[in-house]
Amino acid sequence: FRIVMDTHSVDLDRYDLASLARLRNSQGQEFRPTSWQAPQGGHHRSGTLAFSSAQPIISEDTRYIELIIRGIATEQERVLRWEVK
């Protein structure tokens, strides 16, 4: 996933998305990122959040996947969902 964050209220460099993000499928399985590669940027940060798993993340039965990011600034949780066809 290509992640772009912009704010003027917090320093985004202190947040490690490798520890704060999860990928969840419609079966309820959660996957941890394998890497978060992003240069320091202060209030403007962008990078790549990668996932890899020994088991399939998306199968024939998967209806959606969600990218969950927890604990950035005052947001306890942000959920971004994509439907799978």
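Biologist: Why does tryptophan 82 count as partly exposed?

Modeller: In this predicted model, tryptophan 82 has a relative accessibility of 37%, and the terms are set so that buried means under 20% relative accessible area, exposed over 50% and partly exposed in between, with a 1.4 Å probe and protein chains only; tryptophan 82 is therefore partly exposed. Because the model is predicted, local features need pLDDT of at least 70 and side-chain atom pairs count only at pLDDT 80 or more, whereas totals for chains, interfaces and linings use all residues. Residues are numbered from 1 along each chain as its sequence is written, and side-chain values use heavy atoms, with hydrogens and water left out.

Biologist: What makes the pair of phenylalanine 1 and tryptophan 82 tilted?

Modeller: A pair of aromatic rings is described by the distance of the centres and the angle of the planes. Rings of Phe, Tyr and Trp (its six-membered ring) pair if their centres lie within 6.5 Å, and planes under 30 degrees apart count as stacked, over 60 as edge-to-face and the rest as tilted. The centres of phenylalanine 1 and tryptophan 82 are 5.4 Å apart and their planes stand at 40°, so the pair is tilted. Phenylalanine 1 lies in the segment before β1 and tryptophan 82 in strand β7 (residues 75-83), so this pair ties together parts that are 81 residues apart in sequence; strands (E, at least two residues) are DSSP runs numbered from the N terminus.

Biologist: Why is phenylalanine 51 called buried, and phenylalanine 1 partly exposed?

Modeller: Phenylalanine 51 has a relative accessible area of 17% and is therefore buried, while phenylalanine 1, with 33%, is partly exposed. Phe1, Phe51 and Trp82 form one aromatic cluster.

Biologist: How do you know that threonine 62 is buried, and what does its side chain reach?

Modeller: Threonine 62, in the loop between β5 and β6 (64-72), has a relative accessibility of 5% and so counts as buried. Its side chain makes a polar contact with the side chain of glutamine 27 at 3.3 Å and reaches the backbone nitrogen of serine 59 at 2.9 Å; a polar contact is a pair of N or O atoms within 3.5 Å, where, within protein, one must be able to donate a hydrogen and the other to accept it, and residues adjacent in sequence count only if both atoms are side-chain atoms.

Definitions and conventions. Helix = DSSP H or I, 4+ residues; strand = E, 2+ residues; numbered from the N terminus.
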